[in-house]
Amino acid sequence: MIQIAPSILSADFTRLADEVRAVEQAGADRIHIDVMDGRFVPNISMGPFIVEAINSLTELPLEAHLMIEEPDRYINVFMEAGADVIIVHQENTTHLHRVVQSIREQGKQAGVALNPATPAHVLDGIIDELDLVLVMSVNPGFSGQRFIESVLPKIREIRDTITDREITCDLEVDGGVNADTAPAAVTAGVNILVAATAVFKHPDGVAEGIRILRGHA
Ligand code: DX5
Ligand code: ZN
């Protein structure tokens with residue numbers, strides 16, 4: 001089963017409660033929350049207060065995608081705010097194993113994200129410990145960018161590793177996912193699609209955005 005994870009980054013923040021309830025009603029499987037610090041990525045977005053607010057609005061699992069420097073300093077506050085899955089980037093997490101262990105020891109799921117230029121093999125020593133791998137299909141920082149097709153072989157490689165090692169690990173793609181790009185990502189092996197623009201900016205509303213993504217998954 002393919003899961004749909006709407007990214008709240010493109011929601012209308014003047015109507016956040018309505019937007020969250022709308023995606024929940026439309027059958028979203030989880031909510032993706034993009035945390036940006038203006039340093040690791042060239043944009044500033046939201047922090048634990050928003051996670052806490054969203055957590056009070058929905059029963060859906062929340063995943064916090066931390067695009068911030070020194071993510072290890074912030075994993076606890078995001079878990080306390082209600083994040084069920086914490087995703088850190090491989091590129092800037094020096095003690096990745098320790099961070100992953102610490103997330104899981106607290107009963108939460110641990111995910112690792114890879115930027116488009118980061119190869120799959122950096123996960124060799126950690127993938128057995130992970131609940132989720134997120135493959136970025138745009139350079140992180142903004143919604144509404146074009147899907148980078150050259151990440152597809154990397155998705156396939158990570159899927160093969162998951163299959164070969166017989167581990168339970170979700171594989172998620174994030175960035176530029178829409179009805180045109182989702183099929184190739186699913187064929188390459190992802191089981192979770194993150195989408196901001198394709199859901200929250202769909203001209204016919206979020207329910208239609210989710211329905212169309214599912215139809216192409
Ligand atoms: C980008 C974020 C994505 C973003 C996706 O840095 O990690 O989650 O919101 O936006 P779309 O789906 O519009 O590419
Ligand atoms: Zn994201």
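On a 1 Å grid over the protein atoms alone, a pocket is an open set of points where a 1.4 Å probe fits, with protein on both sides within 12 Å along at least five of seven lines, and its lining residues have an atom within 4 Å of a point; a volume is the space filled by probe spheres set on the points, which are joined across faces, edges and corners. The largest pocket has a volume of about 360 Å³.

This is a predicted model, in which local features need pLDDT of at least 70 and side-chain atom pairs count only at pLDDT 80 or more, while totals for linings use all residues. Residues are numbered from 1 along each chain as its sequence is written, and side-chain values use heavy atoms, without hydrogens or water.

Lining the largest pocket are 27 residues, with Gly-144, Gln-145, Gly-175, Gly-176 and Val-177 nearest its centre. Ligand 1 sits in this pocket, a placement that requires more than half of its atoms to lie within 2 Å of the grid points. Around ligand 1 there are 20 residues, among them Asp-34 and Thr-197, a residue being counted if one of its heavy atoms lies within 4 Å.

Oxygen atoms of ligand 1 make these polar contacts (pairs of N or O atoms within 3.5 Å):

| Residue | Partner atom | Distance |
|---|---|---|
| Asp-34 | side-chain N or O | 2.7 Å |
| Gly-176 | polar backbone atom | 2.7 Å |
| Ala-196 | polar backbone atom | 2.8 Å |

Taken alone, ligand 1 exposes 380 Å², of which the protein buries 99%, with accessible areas computed by the Shrake-Rupley method using a 1.4 Å probe.

Key. Chains lettered and ligands numbered in written order. Polar contact = N/O pair within 3.5 Å; in protein donor to acceptor, adjacent residues only side chain to side chain.
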